[in-house]
Amino acid sequence: MSECTHDCSSCAQNCASRTAPQDLHEKLNDLSSVKKVIAVVSGKGGVGKSLVTSAMAVELNRRGHKTAILDADITGPSIPKAFGITERAKGNEFGIIPETTKTGIDIMSVNLLLENTTDPVVWRGPVISGTVKQFWSEVIWKDVDYMFVDMPPGTGDVPLTVFQSIPLDGIIVVASPQELVSMIVSKAVKMAELMNVPILGLVENMSYFKCPDCGKEHKIFGDSHIDKIAAEYGTRVLAKVPIDPDLAKSVDTGTVELFVGDWFENAANTIEDELKV
Ligand SMILES: Nc1ncnc2c1ncn2[C@@H]1O[C@H](COP(=O)(O)OP(=O)(O)OP(=O)(O)O)[C@@H](O)[C@H]1O
């Protein structure tokens with residue numbers, strides 16, 4: 001038998017090395033320090049995953065924690081836009097330097113590397129997951145308390161590779177009321193179990209619309225089932241976020257750090273309690 005290279009993909013031997021559980025996590029840059037990593041996932045695109053990721057980083061930053069966002073949504077990167085960042089990331093001999101927002105949140109996204117941010121990223125799965133791995137291992141993440149990872153939507157191959165390569169401490173699932181929430185939560189829970197990462201809870205986005213004139217709440221996308229589903233899967237509801245034109249405007253105009261609202265307070269409390277830094 002030839003000498004073991006520990007690369008099971010090119011070897012047919014059924015030895016102890018193959019059957020032992022393998023740690024596929026990428027190594028962090030030597031100059032980085034990240035205490036807790038939270039992935040934000042959704043069943044499909046457009047349900048507000050980036051908005052929730054941004055708002056959570058802002059909320060915990062407001063509480064005095066150093067926060068960061070790794071934008072792993074390579075084909076739909078919306079984090080730099082939410083924070084109004086247009087500069088390109090720079091690097092030195094030790095690694096890539098993330099861009100820092102006005103209030104001090106560190107960010108890395110493929111949009112900070114593209115020549116033209118409106119260019120589509122038409123990359124195949126392995127290139128996408130390779131980029132995310134580099135965002136973890138080659139970026140210098142300095143003294144981060146909480147890092148939020150804006151995951152690629154869905155539970156397919158790319159999010160799975162991201163799950164495997166970054167050591168996650170918890171997962172937040174974002175869904176909207178009109179989705180097949182039960183199925184999405186079920187898939188996310190199974191994926192989390194497979195990876196041995198706890199689900200911190202569910203966020204229902206676009207939950208209702210509060211009429212600015214009469215104050216009445218309207219369920220635009222129908223009744224919510226999120227409480228029942230959370231109970232069914234033994235998890236909790238972290239937030240019910242309304243459809244809010246001001247919130248949308250803050251994300252779409254690069255001023256998410258200025259958003260006003262208490263919708264993310266409970267979620268931030270839970271993170272502070274569950275993942276102490
Ligand atoms: N609660 C909300 N109220 C109003 N607008 C919202 C809300 N949540 C999200 N939006 C708007 O919906 C759009 C999609 O949101 P966002 O980019 O956060 O979704 P996403 O799930 O990250 O999508 P993708 O996976 O395609 O990046 C944005 O223009 C955002 O401003």
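What share of the contacts in the protein with a separation of 6 or more comes from residues 24 or more positions apart? In this predicted model, such residues account for 79% of those contacts. With that figure in mind, I shall go from the overall form to the sheet, the core and one helix.

The secondary structure comes to nine helices and twelve strands. The radius of gyration is 19 Å, close to the 19 Å given by the globule rule for 277 residues, so the protein is as compact as a globular protein of that length. Along the principal axes, the C-alpha atoms fill a box of roughly 75 × 45 × 35 Å. Of the 277 residues, 41% are buried.

Let me turn to the sheet. Eight strands form an open sheet with mixed pairing, and their order is E5-E6-E2-E7-E1-E8-E9-E12. At the edges stand E5, residues 99–100, and E12, residues 237–241; each has a single partner strand, so one side of each is left without a neighbour in the sheet. Within the sheet, strand E2, residues 67–71, runs parallel to strand E7, residues 144–150, and five bridges join the two. Thr67 stands opposite Tyr146 of E7.

Next comes the core. The largest nonpolar core has 73 residues, and those touching the most other members are Ile38, Val40, Met147, Val149, Ile171, Ile172 and Val173. Helix H2, residues 49–62, gives the most to this core, namely seven residues. Which residues does Ile172 contact, leaving aside its neighbours within four places in sequence? They are Ile38, Val40, Val52, Leu200, Gly201, Val203 and Leu238.

I close with helix H8, which spans residues 245–252. Its buried residues are Leu247, Ser250 and Val251. Why do these residues lie on the same side of H8? They cover an arc of only 95° around the axis, and this puts them on the same side of the helix. The cover over the buried residues of H8 includes H2 and helix H3, residues 79–82. Helix H2 thus appears twice in this account: it gives the most residues to the largest nonpolar core, and it helps to cover the buried residues of H8. The face of H8 turned away from the buried side carries Pro245, Asp246 and Lys249, which are exposed. Just after H8, Gly254 takes a positive phi of about 80°.

Definitions and conventions: Residues are numbered from 1 along each chain as its sequence is written. This is a predicted model: local features need pLDDT of at least 70, side-chain atom pairs count only at pLDDT 80 or more; totals for chains, interfaces and linings use all residues. A nonpolar core is a set of buried Ala, Val, Leu, Ile, Met, Phe, Trp, Tyr and Cys residues joined through C-beta atoms within 7 Å. A residue is buried if 20 or more other C-beta atoms lie within 10 Å of its own, exposed if 12 or fewer, and partly exposed in between; C-beta atoms are placed from the backbone. Helices (H or I, at least four residues) and strands (E, at least two) are DSSP runs, numbered from the N terminus. Two residues are in contact if their C-beta atoms, placed from the backbone, lie within 7 Å. The arc is that of the directions from the helix axis to the C-beta atoms. Two strands pair if DSSP finds at least two bridges between them. The radius of gyration is taken over C-alpha atoms; the globule rule is 2.2 Å times the number of residues to the power 0.38.
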